[in-house]
Amino acid sequence: MTHYASGPAALIYGAGYLKTPEFLRIGFLCGLVTVAVWLTVGMGWWKIIGLW
């Protein structure tokens, strides 16, 4: 998530609630969590349906 990724992100960033480094760090952590969930659930699903 960056300060230009979505409508709410632009409002939060533009209002000055978060500075750029903090905003990008939070976005990076959200991205890591998303990838971990997709890999865990996705690989489990692939295992169930026999693709892996």
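**Questions about a two-helix predicted model**

Mentor: Let's start at the end of H2: Gly50 follows this helix, and its phi is positive, near 85°. Keep in mind that the model is predicted.

Trainee: Happy to! What comes after that, and why is Leu51 called exposed?

Mentor: Leu51 sits in the segment after H2. Its relative accessible area is 59%, and exposed means over 50%, so Leu51 earns the word.

Trainee: And why is Ser6 called partly exposed?

Mentor: Ser6 belongs to the segment before helix H1 (7-14). With a relative accessible area of 33%, Ser6 falls between the 20% limit for buried and the 50% limit for exposed, and therefore counts as partly exposed.

Trainee: How do you know that the end-to-end span of H2 agrees with its number of residues?

Mentor: H2 covers residues 20-49, which is 30 residues. At 1.5 Å a residue these should span 44 Å, and the end C-alpha atoms are 42 Å apart, so the two agree.

Trainee: What radius of gyration does the protein have, and what would a compact globule of 52 residues have?

Mentor: The protein has 16 Å, whereas such a globule would be near 10 Å. Along the principal axes, the C-alpha atoms fill a box of roughly 50 × 20 × 10 Å.

Trainee: What share of the residues is buried?

Mentor: Buried residues account for 8% of the 52. For that label, a residue needs under 20% relative accessible area.

Trainee: Which residues make the nonpolar surface patch?

Mentor: Val35, Leu39, Met43, Trp45, Trp46, Ile48, Ile49, Leu51 and Trp52 make it, with an area of about 1,000 Å². What makes Leu51 eligible is its 59% relative accessible area, because patch residues need over 30% and no salt bridge.

Note on methods: Residues are numbered from 1 along each chain as its sequence is written. This is a predicted model: local features need pLDDT of at least 70, side-chain atom pairs count only at pLDDT 80 or more; totals for chains, interfaces and linings use all residues. Side-chain values use heavy atoms; hydrogens and water are left out. Helices (H or I, at least four residues) and strands (E, at least two) are DSSP runs, numbered from the N terminus. The radius of gyration is taken over C-alpha atoms; the globule rule is 2.2 Å times the number of residues to the power 0.38. Buried means under 20% relative accessible area, exposed over 50%, partly exposed in between (1.4 Å probe, protein chains only). The expected span of a helix is 1.5 Å times one less than its number of residues. Patches are made of residues with over 30% relative accessible area and no salt bridge: like charges are joined within 9 Å, nonpolar side chains (Val, Leu, Ile, Met, Phe, Trp, Tyr) within 5 Å. Accessible areas come from the Shrake-Rupley method with a 1.4 Å probe; for residues, only the protein chains shown count as cover. A salt bridge is a side-chain nitrogen of Lys or Arg within 4 Å of a carboxyl oxygen of Asp or Glu.
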